[in-house]
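This briefing sets out selected features of the structure shown below. Please keep the sequence and the model at hand while reading.

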Amino acid sequence: MASQTSTDYDRTKELKQFDDTKAGVKGLVDAGILNIPKIFIRPAEDLAADELNTAKKNIQVPIIDLSDIGDENRRKEIVNQVRIASAEWGFFQVINHGIPTSVLDEMIQGIRLFNEQDLELKKELYSRDRAKKVIFSSNFDLFTSKTADWRDTLTLSFLDSDPDPSDMPPVCRRSTMEYIKHMKRLGETLFELLSEALGLPPDHLSSIGCCKGSSLHSHYYPPCPQPELTLGVRKHADAGILTLLLQNHISGLQVLHEGQWFDVRPTRGGLVINIGDLLQVLSNDKFKSVKHRAIANCVGPRITVPCFFSGHATLLEKPFGPIKELISESNPPRYKEFLLKDYVAKFLSSSLDNKPPIDYYKL
Ligand SMILES: O=C(O)CCC(=O)C(=O)O
Ligand SMILES: [Fe+2]
């Protein structure tokens with residue numbers, strides 16, 4: 001099945017050749033390419049649209065200081081900031097969240113070492129088999145997307161069971177184990193704050209399984225010789241419940257806010273938090289899941305580590321929809337109920353370019 005976008009170019013063949021190298025985007029850079037392969041080049045109309053929509057540099061997504069969260073008045077203030085940021089931006093950064101900066105730095109360093117180790121060791125993990133707990137790959141939707149993204153990813157999908165350290169690549173084993181411990185703890189705190197921000201008891205979101213189903217995706221964005229022609233990751237909204245993202249010192253993440261792209265510049269020791277599509281559904285659109293992307297850079301590597309919370313496995317078989325306590329005559333449901341397993345199947349069979357799965361359930 002050839003899917004040619006022009007007569008002189010067999011895209012499927014080029015994608016396969018790239019995938020067969022098992023060396024990812026970094027492999028291209030290491031080979032010294034000066035022109036990026038066509039599979040990464042965005043359509044001319046997308047490039048032209050971007051010219052008209054450059055990110056404003058003077059406004060930032062809200063930065064929320066979590067210090068003294070145990071103090072009653074401070075907590076009210078923090079919950080209010082979380083409510084406003086989740087409703088208006090769908091994104092915020094947290095600082096003083098209790099995770100030592102050394103843990104964040106070591107996580108980034110571990111991912112750098114993983115990507116920069118001997119290629120033969122990385123190749124052993126290169127796979128598109130989603131049933132595996134640990135996989136290294138470039139572009140999870142490589143064969144279904146219109147344009148490939150300029151990044152490679154190490155995915156760990158076993159965070160709910162206590163991960164077996166021996167499953168993890170040795171170069172980032174210790175740092176990742178430590179980081180996961182902290183993600184679970186911070187996830188619980190954030191779900192408490194988000195529950196309170198929705199006017200619910202603090203344990204509401206955790207009690208329905210939101211704090212589970214986590215996975216860690218460590219992205220490595222190599223320096224790109226023609227960054228203006230491609231993206232680190234295309235425009236998308238996160239399909240899960242909540243994302244906690246660590247980024248190194250190199251900017252790239254942009255958020256679409258009021259029709260404009262805004263940079264989410266890294267804050268030393270900070271983490272970026274964003275509402276996913278499923279939390280938008282649970283909140284009946286009170287919280288927004290917002291489109292974002294990462295631009296490519298000529299400097300690098302840019303390294304980021306999103307931890308996605310996607311819900312407990314038991315949720316898969318149960319009806320999923322807006323939280324009943326938030327629904328009233330004046331606030332009717334904006335989504336019909338659906339089975340999370342159908343939603344997940346839709347997500348896995350599509351690409352970031354397609355209609356997002358929540359759009360099928362909008363009323
Ligand atoms: O790396 C980034 O800055 C964004 C990553 C992202 O949006 C994602 O993996 O969903
Ligand atoms: Fe994302």
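The points below concern two helices, a nonpolar core, a buried loop residue and the surroundings of a ligand.

The model is predicted. Helix H4 (residues 72-88) turns one face to the interior, since its buried residues fall within an arc of 135° around the axis. Helix H7 (173-197) is among the elements against which those buried residues pack, and H7 is also the element that gives the most to the largest nonpolar core, with eight residues.

**Helix H4**
- With 17 residues, H4 reaches 24 Å from its first C-alpha to its last, close to the 24 Å expected at 1.5 Å a residue.
- Its buried residues are Ile 78, Val 79, Val 82, Ala 85 and Ser 86. Seen down the axis, the buried residues of H4 lie within an arc of 135°, so they line one face of the helix.
- An α-helix has 3.6 residues a turn, so residues three or four places apart point the same way.
- Asn 73 and Lys 76, on the other side of H4, are exposed.
- The packing partners of the buried residues are strand E1 (63-65), strand E2 (91-95), helix H7 (173-197) and strand E10 (271-275).
- Gly 90, just after H4, has a positive phi of about 75°.

**Helix H7 and the nonpolar core**
- H7 comprises 25 residues and reaches 36 Å between its first and last C-alpha, close to the 36 Å expected at 1.5 Å a residue.
- Gly 199 follows H7 and has a positive phi, near 80°.
- The largest nonpolar core has 79 residues, of which Val 82, Phe 91, Phe 92, Ile 111, Leu 194, Leu 242 and Ile 273 touch the most other members. H7 gives the most to this core, with eight residues.
- Beyond its neighbours within four places in sequence, Leu 242 is in contact with Leu 190, Ile 273, Ile 275, Gly 276, Leu 279 and Phe 309.

**Val 264**
- Val 264 belongs to the loop between strand E9 (260-263) and E10.
- This residue is buried, because 24 other C-beta atoms lie within 10 Å, and the cut-off is 20 or more.
- Leaving aside neighbours within four places in sequence, the contacts of Val 264 are Val 61, Phe 91, Leu 253, Gln 254, Val 255 and Val 272.

**Surroundings of ligand 1**
- The residues around ligand 1 are His 217, His 219, Val 233, Asp 238, Gln 247, Gly 252, Leu 253, His 292, Ala 294, Thr 304 and Pro 306.
- Strand E5 (214-221), strand E11 (292-295) and strand E12 (302-309) each give two or more residues to this shell.
- By class, the shell holds four nonpolar residues, six polar and one charged.

Technical notes:
Residues are numbered from 1 along each chain as its sequence is written. Chains are lettered from A and ligands numbered from 1 in the order in which they are written. This is a predicted model: local features need pLDDT of at least 70, side-chain atom pairs count only at pLDDT 80 or more; totals for chains, interfaces and linings use all residues. Helices (H or I, at least four residues) and strands (E, at least two) are DSSP runs, numbered from the N terminus. The expected span of a helix is 1.5 Å times one less than its number of residues. A residue is buried if 20 or more other C-beta atoms lie within 10 Å of its own, exposed if 12 or fewer, and partly exposed in between; C-beta atoms are placed from the backbone. The arc is that of the directions from the helix axis to the C-beta atoms. Two residues are in contact if their C-beta atoms, placed from the backbone, lie within 7 Å. A residue is near a molecule or strand if its C-beta atom, placed from the backbone, lies within 6 Å of it. Ala, Val, Leu, Ile, Met, Phe, Trp, Tyr, Cys and Pro count as nonpolar, Asp, Glu, Lys and Arg as charged, and the others, Gly among them, as polar. A nonpolar core is a set of buried Ala, Val, Leu, Ile, Met, Phe, Trp, Tyr and Cys residues joined through C-beta atoms within 7 Å.
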